[in-house]
Amino acid sequence: MTVPLPPPNRIYLLRHAEAAWAEPGQRDFDRPLNEKGFGDAEIIADKAADKGYRPDLLISSTALRCRDTADAIYRAIGLTLEVRYVDALYNATVDTYLEIIDAQDEAAVMLVGHNPTMEQALEALIGHEAMVSALPGGFPTAGLAVVDYDASAAVWRLTDFVVV
């Protein structure tokens, strides 16, 4: 596993908001957000915008629940945000998440994806102890990790964790 080096200098990791249970015959990929999830996605998007968290690029899994969450971020941050939907983020390994981040040239990149991979990506960036200390209960739905590169120490640090 290779941990990315800048750019980007800031990484936003956003776990999709709470999804509905699958209907009979419905694929997991096609599960939308439930009512709580839609509300939480709007809240976390507004909180991110209020804090001035504005990625240059948003990369989202193509799963419906991630697209729904990404849509809320897009609405809150504005029409200038570039959004890309990437099939490879669905059922991906942590290496895939990190490779996608590492391939970007933008200063600030947001990934909207799934657990447990989102939690594993955060752990790979900031280390096990820092992750457990910051998130003793794990990475919640609609949780937003803000991770900055500390060039003086050559490490990634969790700057903020925004929850609903």
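# Exercises on helices, loops and a pocket

Not counting residues up to four places away in sequence, Asp-40 touches Ala-17, Ala-142 and Val-164, where contact means heavy atoms within 4.5 Å. The structure is a predicted model, in which local features need pLDDT of at least 70 and side-chain atom pairs count only at pLDDT 80 or more, while totals for chains, interfaces and linings use all residues. Residues are numbered from 1 along each chain as its sequence is written, and side-chain values use heavy atoms, with hydrogens and water left out.

## Exercise 1

Determine in which helix Asp-40 is found, and whether Asp-40 counts as buried or exposed.

**Solution.** Begin with the element: Asp-40 is found in helix α1, which spans residues 35-50; helices (H or I, at least four residues) and strands (E, at least two) are DSSP runs, numbered from the N terminus. Next comes accessibility, for which buried means under 20% relative accessible area, exposed over 50%, and partly exposed in between, with a 1.4 Å probe and protein chains only. Asp-40 has 8% relative accessibility and therefore counts as buried.

Ala-41 also lies in helix α1, and its relative accessible area of 1% makes it buried. Leaving aside neighbours within four places in sequence, Ala-41 is in contact with Ala-17, Leu-33, Thr-69 and Ala-72. As a last step, take the pair Ala-41 and Leu-13, which are 28 residues apart in sequence and, C-alpha to C-alpha, 14 Å apart in space.

## Exercise 2

Work out how the reach of helix α2 compares with its expected span, and which elements its buried residues pack against.

**Solution.** Helix α2 covers residues 64-77, and its 14 residues reach 20 Å from the first C-alpha to the last, close to the 20 Å expected at 1.5 Å a residue. The expected span is 1.5 Å times one less than the number of residues in the helix.

Then list the buried residues of α2, which are Arg-65, Cys-66, Asp-68, Thr-69, Ala-70, Ala-72, Ile-73 and Ile-77. These buried residues pack against β1 (10-15), α1, β2 (57-61), β3 (82-86) and β4. Finally, look just past the helix, where α2 is followed by Gly-78, whose phi is positive, near 120°.

## Exercise 3

Explain why α4 is described as largely enclosed by the rest of the structure.

**Solution.** The reason lies in a count: seven of the ten residues of α4 are buried, so this helix is largely enclosed by the rest of the structure. The buried residues are Thr-117, Met-118, Ala-121, Leu-122, Ala-124, Leu-125 and Ile-126. Their cover includes β1, α3 (94-102), β4, α5 (128-134), β5 (144-150) and β6 (155-162). After α4 comes Gly-127, which has a positive phi near 95°.

## Exercise 4

Describe the loop between β4 and α4, starting from where His-114 lies and ending with the peptide bond from Asn-115 to Pro-116.

**Solution.** His-114 lies in the loop that joins β4 (108-113) to α4 (117-126), and this residue is buried, with a relative accessible area of 7%. The side chains of His-114 and Ser-61 are joined by a polar contact of 2.8 Å; such a contact is a pair of N or O atoms within 3.5 Å, and within protein one must be able to donate a hydrogen and the other to accept it, while residues adjacent in sequence count only if both atoms are side-chain atoms. Beyond residues up to four places away in sequence, His-114 touches several others, including His-16, Arg-65 and Tyr-97.

Pro-116 is found in the loop between β4 and α4 as well, and the peptide bond leading to it from Asn-115 is cis, with omega near 10°. The peptide bond from Pro-7 to Pro-8 is also cis, with omega near -5°, and Pro-8 has its place in the segment before β1.

## Exercise 5

Find the loops that hold Ala-142 and Ala-154, and state how accessible Ala-142 and Ala-154 are.

**Solution.** Ala-142 is placed in the loop between α5 and β5 and, although not a glycine, has a positive phi of about 60°; at 1% relative accessibility, Ala-142 counts as buried. Ala-154 is found in the loop between β5 and β6, where its phi is positive, about 55°, although it is not a glycine. With a relative accessible area of 49%, Ala-154 is partly exposed.
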